Amino acid sequence: MAEPLRIAVLDDYQGIAATVDWSSIPRTTEITALRDHIGPGPALVEALAEYEVVVAMRERTPLDATLLSQLPALKLLVTTGPFNAAIDIAAAHRLGITVSGTGGAVTPTVEHTWALILGLQRHLVTEDQRIRNGQWQSTIGSDLHGATLGLVGVGRIGSRIAAIGKAFGMNVIAWSPNLTDERAGKAGVVRVERETLFADADVVSLHMVLADSTRGLIGAVELAAMKPSAILVNTSRGGLINEEALVDALRGRKIRGAALDVYQHEPLPSGHPLATLPNTLLTPHLGYVTQTVMSIFYRDIVEDIAAYCTGSPVRLLTG
């Protein structure tokens, strides 16, 4: 009897893998879903050592050359989404590991960005907690209509954020290292210089890809340039912000608040300063976590594994 195809699903926080129909895979499968995050190191190597297929949930777990080289049984690596900066794809290919991706959707992140903006602007968590404790209103909200939305990046997500900002009656400005007037015009925003964006915006929202050139893009200088009444929102990648500088700015009330869905280290370590501050609104990287996106992810995961089993892998990632 043939050995079962051993599949490990990483960072399955919500236990979704147990609800998926894997029956279309043309081999007997043995599926292990890891509900808790395992950081890089010997424990992760030990956990994955016997698996032919590993499924990575977005960029929750770094899969670098050192780790991959210690997994001789691994032949197929599937990542949710069409790209994954946490995977060393070149190293995987050198080691004979096939890497496949899945489809996805950007609209959930757009929606979550606005949930964070509105939640911070109107103090929703504070007032929810107060009313549950038998207390009544205590805060004064900040208006969006007539305010200035500053977008750092106006790609697939940023352009949609801009459209919603305009629907609220906001003035929308944007900057990114390669943004041109033409591209800004197509997105319906006004391109400004970097210094102008941070000085003029009431809401700064980040929508950039994390790369060597963008790591730490928002630091002490940018935060110091912001209005004391302004807020910073990040649903892209935690590494775009210098977290120490952000904590200092929040503690000193140099900006009014920050709404964050992403962090330099995830899960956010217990007792992290960001979690102790009264002027933060924090969510655990939920921007893409919706029923629609998870349905797309797992549909394509199963298809990717089935195609691998037939010798015709699909959705190959090449770098």
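**Exercise 1. Salt bridges**

Task: State how many salt bridges the structure holds, and determine which parts of the chain Arg6 and Glu30 link.

Solution. The structure, which is a predicted model, holds 14 salt bridges. One of them joins Arg6 to Glu30, with 3.0 Å between the closest N and O atoms. Arg6 belongs to strand E1 (residues 5-9) and Glu30 to strand E2 (residues 29-33), so the pair links distant parts of the chain, 24 residues apart. As to accessibility, Arg6 is partly exposed at 25%, and Glu30 is likewise partly exposed at 32%.

**Exercise 2. Two further pairs and a network**

Task: Determine where Arg27 and Glu52 lie, and where Arg191 and Asp181 lie.

Solution. Begin with Arg27, which forms a salt bridge with Glu52; the closest N and O atoms are 3.5 Å apart. Arg27 is in the loop between E1 and E2, while Glu52 is in the loop between helix H1 (42-48) and strand E3 (53-56), so the pair ties together parts that are 25 residues apart in sequence.

Next, the side chains of Arg191 and Asp181 meet in a salt bridge of 2.8 Å, N to O. Arg191 is in strand E8 (residues 190-191) and Asp181 in helix H7 (residues 181-187), ten residues apart. Arg191 has 29% relative accessibility and counts as partly exposed. Asp181 counts as exposed because its value of 54% is over the 50% cut-off.

Finally, a network of salt bridges links Arg299, Asp300, Glu303, Asp304 and Arg315.

**Exercise 3. Domains**

Task: Give the bounds of domain 1 and domain 2, and describe their contact.

Solution. The domain assignment gives domain 1 as 5-105 + 290-310 and domain 2 as 106-282. Their C-alpha centres lie 31 Å apart. Nine residues from domain 1 and seven residues from domain 2 take part in the contact.

The UniProt record (unreviewed entry) annotates residues 115-287 as "D-isomer specific 2-hydroxyacid dehydrogenase NAD-binding". This span is 34% helix and 16% strand, and its end C-alpha atoms lie 10 Å apart.

**Exercise 4. Surface residues**

Task: Identify the nonpolar surface patch that includes Phe168, and decide whether Val221 is buried or exposed.

Solution. Leu118, Ile164 and Phe168 form the patch, with about 200 Å² of accessible area together. Phe168 lies in the loop between helix H6 (158-167) and strand E7 (171-175), and at 32% relative accessibility it counts as partly exposed.

Val221 lies in helix H9 (residues 220-225). Its relative accessible area is 64%, so Val221 is exposed. The C-alpha atoms of Val221 and His93 are separated by 41 Å.

Definitions and conventions:
Residues are numbered from 1 along each chain as its sequence is written. This is a predicted model: local features need pLDDT of at least 70, side-chain atom pairs count only at pLDDT 80 or more; totals for chains, interfaces and linings use all residues. Side-chain values use heavy atoms; hydrogens and water are left out. UniProt positions are given in the numbering used here, feature names are shortened, and annotations may be inferred rather than shown by experiment. Helices (H or I, at least four residues) and strands (E, at least two) are DSSP runs, numbered from the N terminus. Patches are made of residues with over 30% relative accessible area and no salt bridge: like charges are joined within 9 Å, nonpolar side chains (Val, Leu, Ile, Met, Phe, Trp, Tyr) within 5 Å. Accessible areas come from the Shrake-Rupley method with a 1.4 Å probe; for residues, only the protein chains shown count as cover. A salt bridge is a side-chain nitrogen of Lys or Arg within 4 Å of a carboxyl oxygen of Asp or Glu. Buried means under 20% relative accessible area, exposed over 50%, partly exposed in between (1.4 Å probe, protein chains only). Domain bounds come from an automatic or database domain assignment. Contact means heavy atoms within 4.5 Å.
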